[in-house]
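Subject: Structure for you to look at

Hi,

Here is the structure I promised to pass on. Have a look at it first, and then read on for what turned up in it.

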Amino acid sequence: MLTVPRFCSSIQLSYHPLAMPRIKTARTKKPPEGFEDIENILDDYAKKMRDAENESHEGKRKAESLWPIMRISHARSRYVYELYYKREAISRELYDWLLKEGYADANLIAKWKKAGYEKLCCLRCIQTRDMNYQGSTCICRVPKAQVREGTVVECVHCGCRGCSSDS
């Protein structure tokens with residue numbers, strides 16, 4: 001069972017970036033050409049996601065139990081992003097279908113296309129409203145050169161250890 005973080009309780013689960021892709025039924029539109037080539041890898045991500053969801057949460061903080069799910073979601077979105085934008089291995093039609101079906105997070109990919117956000121781990125790290133200091137961002141967004149020595153850099157939201165472009 002996928003646990004929806006407190007900050008996402010009002011979002012429909014089917015459009016939540018951490019949700020699994022939609023279940024294929026008889027009414028589901030057939031995937032575009034080229035999906036067969038990447039289907040095995042996407043199925044592997046689905047298996048990893050299922051294992052992460054079923055993993056024991058004993059001894060972990062509430063936020064810490066979501067870290068593996070966030071990492072897998074990030075990796076799956078990064079895979080789709082690189083297929084389309086970097087390697088140009090899939091068509092626009094397939095890319096749009098993958099986003100619509102929930103195989104990748106469209107909002108995160110939109111940020112990756114902007115300068116300074118190429119390595120962004122999750123959207124929550126750039127939202128200023130959930131941070132300790134008004135108007136700031138997550139510690140993982142601070143370049144490593146500006147962090148004092150001995151400071152542990154680990155995002156509370158997703159477990160990232162540094163996703164600024166200068167890291």
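Let me begin with one pair of helices: helix 2 and helix 3 pack at about 160 degrees, and their axes are 10 Å apart. That angle is over 145 degrees, so helix 2 runs roughly antiparallel to helix 3. Val 80, Tyr 84 and Tyr 85 make the contact from the helix 2 side, while Arg 92, Tyr 95 and Leu 98 make it from helix 3. Their crossing is left-handed.

Please keep in mind that this is a predicted model, so every value here is computed from it.

Now for the wider picture. The protein chain has four helices and zero strands, which gives the pattern α-α-α-α along the sequence. Of its 167 residues, 38% are buried. If you take the contacts between residues at least 6 apart in sequence, 54% of them join residues at least 24 apart.

Helix 2 also packs against helix 1. Here the angle is about 170 degrees and the axes are 9 Å apart, so helix 1 is roughly antiparallel to helix 2. On the helix 1 side, the residues in contact include Ile 38, Ile 41, Leu 42 and Tyr 45. On the helix 2 side they include Pro 68, Ile 69, Ile 72 and Arg 76. Helix 1 passes helix 2 in a left-handed crossing.

While you have helix 1 on screen, you could also find Asp 44, which lies in that helix. Is Asp 44 buried, partly exposed or exposed? Its relative accessible area is 40%, which makes it partly exposed. The C-alpha atoms of Asp 44 and Arg 76 are 9.8 Å apart, with their positions 32 residues apart along the chain.

Next, the aromatic rings. The count comes to nine aromatic pairs. One of them joins Phe 35 and Trp 97: the ring centres are 5.1 Å apart and the planes meet at 70 degrees, so this pair is edge-to-face. It links distant parts of the chain, with Phe 35 in helix 1 and Trp 97 in helix 3, 62 residues apart. How accessible are these two residues? Phe 35 counts as buried because its relative accessibility is 2%, and Trp 97 is buried too, with a relative accessible area of 7%.

Ring pairs also join Tyr 81, Tyr 84, Tyr 85, Tyr 95 and Trp 112 into a cluster. Tyr 95 is a good residue to click on. It sits in helix 3 and, at 3% relative accessibility, counts as buried. Leaving aside residues up to four places away in sequence, Tyr 95 touches Val 80, Tyr 84, Tyr 85, Ile 90 and Ile 109. The C-alpha atoms of Tyr 95 and Phe 35 are separated by 9.5 Å, although the two residues are 60 apart along the chain.

Finally, two positively charged side chains sit over rings. Arg 78 lies over the face of Trp 112, at 4.1 Å from the ring centre. Lys 111 lies over the face of Tyr 117, at 5.3 Å from the ring centre.

Happy to go through any of this with you at the screen.

Best wishes

Definitions and conventions: Residues are numbered from 1 along each chain as its sequence is written. This is a predicted model: local features need pLDDT of at least 70, side-chain atom pairs count only at pLDDT 80 or more; totals for chains, interfaces and linings use all residues. Side-chain values use heavy atoms; hydrogens and water are left out. Rings of Phe, Tyr and Trp (its six-membered ring) pair if their centres lie within 6.5 Å; planes under 30 degrees apart count as stacked, over 60 as edge-to-face and the rest as tilted. Helices (H or I, at least four residues) and strands (E, at least two) are DSSP runs, numbered from the N terminus. Buried means under 20% relative accessible area, exposed over 50%, partly exposed in between (1.4 Å probe, protein chains only). A charge sits over a ring if NZ of Lys or CZ of Arg is within 6 Å of the ring centre and within 35 degrees of the ring normal. Contact means heavy atoms within 4.5 Å. Axes are lines fitted to C-alpha atoms, for helices over the stretch in contact, and angles run from 0 to 180 degrees between N-to-C directions. Angles under 35 degrees count as roughly parallel, over 145 as roughly antiparallel, 65 to 115 as roughly perpendicular and the rest as oblique. A crossing is left-handed if the near helix is turned anticlockwise from the far one by less than a right angle, and right-handed if clockwise.
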